[in-house]
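Me: I would like to go through the labels attached to this model and see what each one rests on. Please set every value against its cut-off.

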Amino acid sequence: MNATRPEKTEPLESEANLAAVTEVEAGIRDFVRNDVAYLRRPGVGTAPSGEPALDTTAEATVNSVNSLIQRVAGTSLSEIENLVSELEALRDLLHNEGQRVQREIAGYAQLSQAAMKSTRMIADNVAQWKRAAESVRQS
């Protein structure tokens, strides 16, 4: 029986991923600080229409955070896609192996039935010979 050993895989959180996560967290903290500070300034934060207004630094921070999140998410998404494709390949392998095992079991069942029929026939023939031998002895 062949047993497959799991391949050694790199940890999901490599140094590059940790650096990217740290960078994202720092960007989010800066964004939240700037956003909250912006909203707390008196007389600032609303446009003439009455809606909150964003200044250029807040917009730049939002864009920066968005790009960081996209970079980190891109790496994670590619890893997830790789995992999904590996799982699909394993599912196909297990399905094929299941079908093979079912065929093997069906073959053994047929072989077992044929062996039982042969054994019955042999037992019947031996019983007939035994009766014939007893009748010859009694005569």
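Reply: Buried means under 20% relative accessible area, exposed means over 50%, and partly exposed lies in between. The model is a predicted one. By that rule, 6% of the 139 residues of the protein chain count as buried.

Me: Which residues of α2 are buried?

Reply: In α2 these are Ala 58, Thr 61, Val 65 and Leu 68.

Me: How do you know that the span of helix α2 agrees with its number of residues?

Reply: Helix α2 covers residues 56–138, which is 83 residues. At 1.5 Å a residue the expected span is 123 Å, and the end C-alpha atoms are 120 Å apart, so the two agree.

Me: Why is the pair Arg 100 and Glu 97 called a salt bridge?

Reply: The cut-off is a side-chain nitrogen of Lys or Arg within 4 Å of a carboxyl oxygen of Asp or Glu. For Arg 100 and Glu 97 the N to O distance is 2.9 Å, so the pair meets the rule. They are 3 residues apart in helix α2, and therefore separated by about one helical turn.

Me: What makes Arg 91 exposed, and what is Asp 92 called?

Reply: Arg 91 has a relative accessible area of 54%, so it counts as exposed. Asp 92, at 41%, is therefore partly exposed. Asp 92 and Arg 91 also form a salt bridge, with the closest N and O atoms 3.8 Å apart.

Me: Why is Ile 28 called partly exposed?

Reply: Its relative accessibility is 37%, so Ile 28 falls in the middle class. Ile 28 lies in helix α1 and, with Val 32 and Ile 69, forms a nonpolar surface patch of about 220 Å² accessible area together.

Key. Residues are numbered from 1 along each chain as its sequence is written. This is a predicted model: local features need pLDDT of at least 70, side-chain atom pairs count only at pLDDT 80 or more; totals for chains, interfaces and linings use all residues. Side-chain values use heavy atoms; hydrogens and water are left out. Patches are made of residues with over 30% relative accessible area and no salt bridge: like charges are joined within 9 Å, nonpolar side chains (Val, Leu, Ile, Met, Phe, Trp, Tyr) within 5 Å. Accessible areas come from the Shrake-Rupley method with a 1.4 Å probe; for residues, only the protein chains shown count as cover. Helices (H or I, at least four residues) and strands (E, at least two) are DSSP runs, numbered from the N terminus. Buried means under 20% relative accessible area, exposed over 50%, partly exposed in between (1.4 Å probe, protein chains only). The expected span of a helix is 1.5 Å times one less than its number of residues.
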